[in-house]
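Reader: Before we go through the model, I would like each label tied to its criterion. Please start with how confidence is expressed.

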Amino acid sequence: MTTPLTLTPGRAPDGTAVLAAAGEIDMSNSQDFAAAITAALDGAAGPLVVDLSAVEYLDSAGLSILFRHAERLELVAPPVLEPVLTLSGIADLTTVRPVPSSADGT
Amino acid sequence: MNEGVFGADSEIGRDLADVDWAATPLGPPSGWPQSLRTAVSILLSSRFSMWMAWGPDLTFFCNAAYRRDTLGRKYPWALGRPAAEVWTEIWDDIGPRIDTVLTTGEATWDEALLLFLQRSGYSEETYHTFSYSPLRDDSGAVVGMLCVVIEETERVIGARRMTTLRDLGSDPSVIRTEEETLTFAHRQLDRNKRDLPFTLTYLFEEDGGARLAEATGIPAVHPAAREGVWPVAALSRGESVVVPLEGEAFAKLPSGDWQDPPVQALVVPLLQQGSAPYGFLVAGLNRYRPLDEGYRGFVELTAGHLAAGIASARSYQAQQRRAEELAELDRAKTTFFSNISHEFRTPLTLIMGPVQELRGRLEDADERVLQELEIIHRNGLRLGKLVNTLLDFSRIEAGRMQAHYEPVDLSAVTAELASVFRSAIDRAGLAFEVACDPLPEPVYVDRGMWEKVILNLLSNALKFTFEGSIRVGARVVDGQAEVTVADTGVGVAEDEIPRLFERFHRIENGRTRARSNEGSGIGLALVKELVGLHGGTITAESREGEGTRFTVRLPFGAAHLPADAVAAADGPDGAPGGSAGVSASADPYVQEALRWLPREQADEPAADAPAEAGPTAATTAPQVPARVLVADDNADMREYLTRLLRGAGYEVDAVADGRAALGAVRAAAPDLVVSDVMMPHLDGLGLVAALRGDPRTAAVPVLLLSARADQDASIEGLRAGADDYMLKPFAAAELLARARANVELARLRNHHARWRTALVDSLQEAFFVCDEDGAVIEINTAFTDILGYGPEGLPYPPVHPWWPDERTDPQAYRQVAEAFGTLLGQERGTYTIPVDHRDGHRLWASASFNQVRDPETGRRVVVGTFRDVTAEHYAIQRETALAALSMRLAEAVSLSEALDGALAELRDVWRAERVLAAIFQGDGPPALTSTDPEVTWESLPERRRDELASLRDHPTLSPSAEHTTAITLEHPLGSLVLWIDLSERRPFTDQDQVLLSLLAGRLAQGLARAHQIDRQRETALALQRAILGPSQLPIGFAVRYEPAARPLEVGGDWYDVLTFPDGRIGIVVGDCVGRGLDAATVMGQLRSACRALLLRDASPARALMTLDHFAAGIPEAVCTTVFCGVLDPETGELTYASAGHPPAILARPNGSVELLDGGRSLPLAVRPGASRPEAGATIPPRATVLLYTDGLVERRRRPLSDGIAQAGEAVQDGRDEAVDDLATRIMTRLAPPDGYDDDVALLLYRHPAPLEVTFPAESSQLGRVRDALRGWLARCGLSRRTTQNVLVAAGEACANAIEHGHRHSPGDAVRLRAEAHADRLDLVIADSGRWRTPRAEPDPNRGHGTALMRALMQEITITPGPDGTTVRMHTRIES
């Protein structure tokens, strides 16, 4: 059984490409996550916003995919992922924005 | 059925089995505890005298030896009775001792305690040395006592009597009057009022009546002291009579040292040798002792001693009387002589006249005729002189001496008298000096008397002077005239001088050389009388061997003289009368003196030939036959002496030299030795010296005979220690007289020595005397009987021949050497040592000794006695070893412990180097046990292994002839060979072999018993564990259980944890009243019931209410306390009810403590049917709950709340430890110094319980594991952030395990365990594979993983191993 993960590509109101992920990202589904980012990047000229607002778990399996495309990615992350993103160093390579307060479920 | 208990002794055992035990507090033997059975078995199998008491009534048991020695007629009545009833007569003495043993548990020791026993039909004086030691029941409580006892009655009483007899013989003075002797003896008797409560001593009077002479312990005026009450007639016939003390005369008799007076008296005669008894002794008898042979002998010996004392005193009195009679006789003789002297003078004159005439007329006659005439003449003169002297005496005594004092020139008169003797003195070859100074005035003397004075003195001087000179002088000294007559003769001993002037006193021949033994002994006495008549004095000074000087002093003038006897001065000028010529009276003196001189000796007949008229009193042997040993190298002399002495009634042995004499005396001491001085081999002086040098012969009197006539020889002889000395030739009568005198003197002197010897030889114990160097110099018969060494070998210098051989038995030798050291070094002491009999066999002697000072020599000697205690020694050794072994075996709780203890005991018994025990079982090598833990079967030399193996099939418990120190016995698991390695070359005797067999037998029994116990215990343990509680606990719980009553593993406390189908957990902790097995059985029932009730209805309150009814049906279950709870492990919600149980303790992670004291109600079954409340609590995350029983916290003299608080602190202090470690910490920290004395049950739970997940190594499992972990973390009450960090770190570890650990074997299990403490989380992820070492350059993928783990957690350790890799992570939890 693979860990549940929903990946939804889309556009922001300003037209920026967005990949919204919901669920948990670990070794069992990191391939799906990688494929979705590659596909979203292919379909966009500019940066890709990966919206992790609804991700409850992210470990090195997911981080390594983010690292691979760091220069073209912008991340939207909930507080729960903040330590992982900071400690791993990805926050230094990409822009990490907090989840807008309206979207913050807390 | 009871054979097992009483089987050790068939006889006593049968009688014990017949006792109606059911009627005693001990109940039937089938129900007896093991400890009682063991004690009874030890008691019965011992040959040592023992009794024991057991139980609340101190029920009495004893063994065969005790029955024989002490119990007497009380057997078998006493068996099974209360000890206080058995020994009611001595309970006052022994009761308090027994109480001491029972209350303190300490053994008592009493030596020779006086006890009055009612065992022979009367109250008997007995002495016992005994020890009471405690007996314990199976739980270790003192419930009885064992008494090991030795009866010492014979010894104590024997010693007491011996003391009295010794004191009787201790009279320091040799001669006493009869009265003094009896007073002294009775003072001694008075000191032993135990054997002699009272005594009366009567002496027979001449009229046949008896007179009370002495009494002890009874007033002399008591009716019983009247002579008439005793059977005098029988006693005067010399018979002893036992008189019952009944009747009026014996009312109110004194009781001596006892409570009650004697009931009979032994009356014994005071026997006299060969004559009617002196009297008799009445001895009031100790009613507490039987009149046995020993008692009778003691009284008779006492009487014998009294008789001997009387004999000695009377003989002394007789001597005194004889001396007085002699003096009387002397007076009578003087009177007689003076009366008849007159009558002599006439016939004498008629003889002397014709003789003178014949001499003139027969001048030319035959020479023989002239000689005979000369003899008649001379003896006539002598007789005349004697008659005159006696007449003078009688005149003086009658005051009829007709003196005529005239003034004379004393110098001139004296010189002239002296000149008369000149020729005789010249002829004797002596110088004669006369120096008479002229005196200033005349001296009034009676000329005739003065002649006698001077002539007697000169005659005396010549008689005793053999060389040198005789001097006569006259001068004025102190206004008086002094005339001296001095010689250089033999002199007079100092002690003889006072008697010199006594009438008829003659200095003994043996002491002084003289020219003649003639003499009346009257001359000097007369001189003194005559000088006295002149108002003058005479004194003598003398020194033996140098000479004698007589000094006569006369006052000048006549004022001191009777006026009618004084003549006027001769001439008008008053010139004194000069020499008037020496009167004819001088002639007899000179004639006599000349006859002493050599020229005339030849024709002198033997004047002193022995009186041949037949034996007189002095020349016969003493009444009691005496043995004389004659030693002379001259055969004729030997025969002459033998004939002479035999003729006088002596038994005579004769030998030819001193050496033979010495041997003969040592073999059998004679009453007298008559020895020549000059003999080959060993002369007489040497013989005397040798005899005096040996204590056994020192007292034998010796009479030396010598032909050497000089004075030095006799002095030499006497100095050498001879008792008497005679010159040859000697007169037969004199020899016999002296022989008799010496024998009797020696007998008198040796009286005490012989009494002592008789006593010493009569001792049952061996007796010895050692000198300062430890050489044995005296022994008695018993000594020879016991050791085989006799008096012929004396002295025995150390090392004594009976010492064990140093080479073959160094240990025994050392023991003796040590004892010998104390003998020489201490004043008194006792010891028991091994010694070797002359024939080689080993015995044990128990000796006691005292140092004393020899009153004669002042030297220190050691006097000792000993008994042969060989039998006792081995018996005690056996009993001690058996008892010690039994104790070891009884203490052992397992087979191996029993064997270990037994081997140690065997080693101690023989002081062995080591003891081996090989147990052969099946074909393999045996199991070896040794006192030396280093030794293994393989380390033994091959020869020893073969020897042990060869003994495997040897008959059990029979000694092996080949290997004496080994024995085979049955072991529960096979065949056991015991082997003792002795540390020294110590002989292993038959006795040792017997002991080894005995011990091996006991060991075999003990091992069988221990084996049985082993098996019983294993069964019991399995059963106990089954009722205690679940062996598997749900995760998160820790329990501890400690029963108070060892070796039980269960008690009245319990705990229980059960899991309901819905995941909830039931928790029970309970405490039944009491402890030990009884409480445990109740506990088992309650635990099962409570568990079943909870399972049916998970409500603690209802479960307890139902349990109330259940418990009400079990009497011992009332008042049990129970804490019963139901826990939801997901939420930490706890529902609980407490039946009087101490509150549970809840320790929060923040350090605060809360007591769960709700839901409280009464203990079980106190109010069955009453409803019980229930309480609820939520256990916060990471809090710990402690349930316990009061044994953990309840202490004497301390409130329970203190203990609970202390427990709370302990839980808090360990809140960061795993619960199992915490459980240990609490048990340790709360334990009292001596360990828990009550049952303790303890149960710990920390919420939440640790998480344990095992999953296959597949990435698809990650999500599920994470869910589980997330849920658990939520129960841990952590922040979101911490939760996320732990989730990621754990996720990374799990991913690593899946990816790397199981690359080659996908699907293998990975284990995850997470445990929460108060402020810390521990996680462990373990797989069964091997991780790749992380590379320095981070892998784009997994490299991030490890780094991330380290970044997220506070501590990470990765431990790769051959069986897999383990990751341990810790993180602190912010509070």
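Author: The predictor's confidence in each residue is the pLDDT, which runs from 0 to 100. This is a predicted model, in which local features need pLDDT of at least 70, side-chain atom pairs count only at pLDDT 80 or more, and totals for chains, interfaces and linings use all residues. Residues are numbered from 1 along each chain as its sequence is written.

Reader: What makes helix H20 of chain B stand out in confidence?

Author: Helices (H or I, at least four residues) and strands (E, at least two) are DSSP runs numbered from the N terminus. In chain B the mean confidence is lowest in helix H20 (residues 711–719), at 66, and highest in strand E36 (residues 1133–1139), at 96. Over residues 570–576 of chain B the pLDDT is below 50. Where pLDDT is low, the predicted coordinates should not be read in detail.

Reader: Why is the space of about 200 Å³ called a cavity?

Author: On a 1 Å grid over the protein atoms alone, a cavity is a set of points where a 1.4 Å probe fits but cannot get out, and lining residues have an atom within 4 Å of a point. The largest cavity holds about 200 Å³, a volume being the space filled by probe spheres set on the points, which are joined across faces, edges and corners. Its lining has 18 residues, with Phe768(B) and His800(B) among the closest to its centre.

Reader: How do you know what classes of residue make up the lining of the largest cavity?

Author: Ala, Val, Leu, Ile, Met, Phe, Trp, Tyr, Cys and Pro count as nonpolar, Asp, Glu, Lys and Arg as charged, and the others, Gly among them, as polar; by these classes the lining has 17 nonpolar, 1 polar and no charged residues.

Note on methods
Chains are lettered from A and ligands numbered from 1 in the order in which they are written. Side-chain values use heavy atoms; hydrogens and water are left out. Contact means heavy atoms within 4.5 Å. On a 1 Å grid over the protein atoms alone, a cavity is a set of points where a 1.4 Å probe fits but cannot get out, and a pocket is an open set with protein on both sides within 12 Å along at least five of seven lines; lining residues have an atom within 4 Å of a point.
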